[in-house]
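Student: I would like to go through this chain with you. Could we settle the terms as we go along?

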Amino acid sequence: MTGSALGMLKLFGGSLVLLYGQLQRVIGYAGILALGYGVMALGLALLALVGTPLAWFVGAAAVGAGYAWSRRAS
């Protein structure tokens, strides 16, 4: 399960970073950072508070997307 969740994190992070250019044009650098950190916080909250396997995968995907967007912007 851990390996599958980490794979989901990397898959979503790598896939959604391709949308960075479009998002940056629409919401700017500050918006991308806020969105990235917000999505990452949502994912971490899901991982910490919800104990179902589906929530683990959704949380890992959110962390991956948020990390990719926030790292790309900074």
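Tutor: Let us begin with one term: contact means heavy atoms within 4.5 Å. This is a predicted model, in which local features need pLDDT of at least 70, side-chain atom pairs count only at pLDDT 80 or more, and totals for chains, interfaces and linings use all residues. Residues are numbered from 1 along each chain as its sequence is written, and side-chain values use heavy atoms, with hydrogens and water left out.

Student: Which residues is Ser70 in contact with, leaving aside its neighbours within four places in sequence?
Tutor: Ser70 is in contact with Leu33, Gly36, Tyr37 and Met40 once those neighbours are set aside. Ser70 itself belongs to helix H3, residues 53–73. Helices (H or I, at least four residues) and strands (E, at least two) are DSSP runs, numbered from the N terminus.

Student: Is Ser70 buried or exposed?
Tutor: Ser70 is buried, because its relative accessible area is 2%. Buried means under 20% relative accessible area, exposed over 50%, and partly exposed in between, with a 1.4 Å probe and protein chains only.

Student: Which backbone oxygen does the side chain of Ser70 reach at 3.2 Å?
Tutor: That is the backbone oxygen of Tyr67. In addition, a polar atom of the Ser70 side chain lies 2.9 Å from the backbone oxygen of Gly66. A polar contact is a pair of N or O atoms within 3.5 Å; within protein, one must be able to donate a hydrogen and the other to accept it, and residues adjacent in sequence count only if both atoms are side-chain atoms.

Student: Let us turn to H2. At which residue does H2 bend?
Tutor: The bend is at Gly28, by about 110°. The bend at a residue is the angle between axes fitted to the seven residues ending there and the seven starting there.

Student: And what does H2 span between its end C-alpha atoms?
Tutor: H2 spans only 29 Å, whereas a straight helix of 30 residues would span 44 Å at 1.5 Å a residue. The expected span is 1.5 Å times one less than the number of residues.

Student: Which residues of H2 are buried?
Tutor: They are Tyr20, Gln24, Gly31, Ile32, Gly36, Val39, Met40 and Gly43. Tyr20 counts as buried because its relative accessible area is 8%. The C-alpha atoms of Tyr20 and Ile32 are 8.1 Å apart, with their positions twelve residues apart in sequence numbering.

Student: What about Leu46, which also lies in H2?
Tutor: Leu46 is partly exposed, because its relative accessible area is 22%. Not counting residues up to four places away in sequence, Leu46 touches Ala55, Val58 and Gly59. Leu46 and Ala60 are 14 residues apart in sequence, and their C-alpha atoms are 8.6 Å apart.

Student: Now the whole chain: how many helices and strands are there?
Tutor: The chain has three helices and zero strands. Its radius of gyration is 12 Å, close to the 11 Å that the globule rule gives for 74 residues, so the chain is as compact as a globular protein of that length. That radius is taken over C-alpha atoms, and the globule rule is 2.2 Å times the number of residues to the power 0.38.

Student: What share of the chain is buried?
Tutor: Buried residues make up 31% of the 74 residues. Among contacts between residues at least 6 apart in sequence, 66% join residues at least 24 apart.
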